[in-house]
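This report describes one cavity and two serine residues. Please look at the sequence and the structure first.

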Amino acid sequence: MTARSLAATGLLLAALAEACSVGLLGLSGWFIAASAVAGASAFSAFSYLAPSGGVRAFALSRIAAGYANRVVLHAAALRRISAARLAVYDQAAGSEGTAWSGQSLDRVMADADTTGMALLQATTPAAVAAVMTVGGCVTIVLAGYPLAALTLAAAVIACAVLAAASARRMDDTTSTRGLLRTELVTAVEAWPEMASLGATDHLADRTLQRLNAFEDRRNRHAATTARVLGDTRAVTASALLLTVMLTARSGATISTLVFVGLLAAGVMANAERLVTAASAWVQSRQADAHLASVGEDESRRPRVATTFRATYDGRDLAVCGYQLPETPTRDAREIAFAVATGQTLVITGPSGSGKTTLITAIATALRQRPGPAVVTAVLADDYLFTGTVAGNLRLANPTANDADVADLLTAMELDRAGVDPLTSLGVGGRSLSGGEQRRLHIARALATQPDVLLIDEPTTGLDPDTATQVLHAVRRRLPQAVLVVAMHAPPADTQPLGPHWTTVSVG
């Protein structure tokens, strides 16, 4: 079945299950009241067979329809979530040159979930409430009490209006939550520097103010929702009272009065759910808007010209047709170069000149050409996963034993910093310094034993001596590999680059 067919079937089953629930409630109440009245009357003739059979039929139908609608609706919701996620993946794959952040992808996945779950949290309650209102009012009219039915319909409409008014006052807190998250992360990272300046109190006050403002906003929304729910329940109570009074004034028997009252209670219980359904609907609309604009706030790298080619034939890495765009400090030009196995190429240039873009373009082009060569890139935005140092290194080489892991850490001078295979990294590797993170990135790349290794800013966060040792270790462990590094300028001591090295400037 298609997603739409599943959703439509699930909605019908949900309405049927709720109708059976309300029918069970009303018929049971009528049956109990009628039995009590018959029992209080002398020589009363009352057949319990048909009503008791109806109660059992409603109960069994309610169980079967309830189970079926949950299965079908959840399947339809999962299909919607999968479709939304796949659409985002397709868009991300087609967004050439767009740099996606982990935070953006997390937000996109949450928005896809919200969109899919709207079928359960918004559409289903609204559809069921509409069906139950029509069915309940028609049943009460057929029983001979049109004024009671009109009162019930008016009460449901009033609940719907209150729900819509509450939903219109909902704010989109996604951007506010994102800004607050960024503020907290920045505060944590900036704390040592602020402490050295004696400004930690100001930083704490600023962060606390942002937190309080966000919490006040959430509390105001919760208070508004609570007020609307209270108003809705007041409408429900008034509607039930009026329905019972109008039915009683029309000369209804006690059993009929109980039936109408319980039927009205079932209808109004569904009407009260419209408040949360309207809130879920607004959140799904906001999520749809976020998904429609996904990628617009991501940073974009310059496009690489279609003439660009990067190939590796086992002997040479050849790059040609790479277009450097014009900037205030340089003219547009095309660059090309070749690097043989065992040689090192240093791509130089100031910040913002395009070194990272070139490294990324070479890595992408080489990976798009299947072959036996192993191409590994250490980019500026590489990520360390939560877990241990050894766990991160074994992502690159699952067969690495403890001795291999320790050897890599020694090569990167990490053992001297107290980093061992069981060191816990925390989220994003925050337990390590910036220089230690960079060396662990390089160690993970070395674990793959690549034929071509590209490293963006390998000495970031390192003192000169450590930087020299790291470069020397890379070349020593990969004597026959093609090594391409992006740096502001060649190191003062060029010996670690090996005897055969050249430079290409993109400045």
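What volume does the largest cavity have? The largest cavity has a volume of about 30 Å³. The structure holds 1 cavity of 30 Å³ or more. A cavity is a set of points on a 1 Å grid over the protein atoms alone where a 1.4 Å probe fits but cannot get out, and lining residues have an atom within 4 Å of a point.

This is a predicted model, in which local features need pLDDT of at least 70 and side-chain atom pairs count only at pLDDT 80 or more, while totals for chains, interfaces and linings use all residues. Residues are numbered from 1 along each chain as its sequence is written, and side-chain values use heavy atoms, with hydrogens and water left out.

The lining of the largest cavity consists of Ser 166, Met 170, His 221, Thr 225, Val 275 and Ser 279. By class, this lining has 2 nonpolar, 4 polar and no charged residues. At least two lining residues come from each of α6 (200-249) and α8 (274-292).

Helix α8 also holds Ser 284, and Ser 255 lies in helix α7 (residues 254-272). Both serines count as buried (under 20% relative accessible area, 1.4 Å probe, protein chains only).

| Residue | Relative accessibility | Contacts beyond four places in sequence (heavy atoms within 4.5 Å) |
|---|---|---|
| Ser 284 | 1% | Thr 114, Thr 115 and Ala 118 |
| Ser 255 | 11% | Trp 30, Ala 33 and Ala 34 |

The side chains of Ser 255 and Trp 30 are also joined by a polar contact of 3.4 Å; such a contact is a pair of N or O atoms within 3.5 Å, of which, within protein, one must be able to donate a hydrogen and the other to accept it.

Technical notes:
1 Å grid on protein atoms, 1.4 Å probe; cavity = no way out; pocket = protein on both sides within 12 Å on 5 of 7 lines; lining within 4 Å. Points joined across faces, edges and corners; volume = space filled by probe spheres on them. Helix = DSSP H or I, 4+ residues; strand = E, 2+ residues; numbered from the N terminus. Nonpolar A, V, L, I, M, F, W, Y, C, P; charged D, E, K, R; others polar. Buried < 20%, exposed > 50% of the residue type's maximum accessible area, 1.4 Å probe, protein only.
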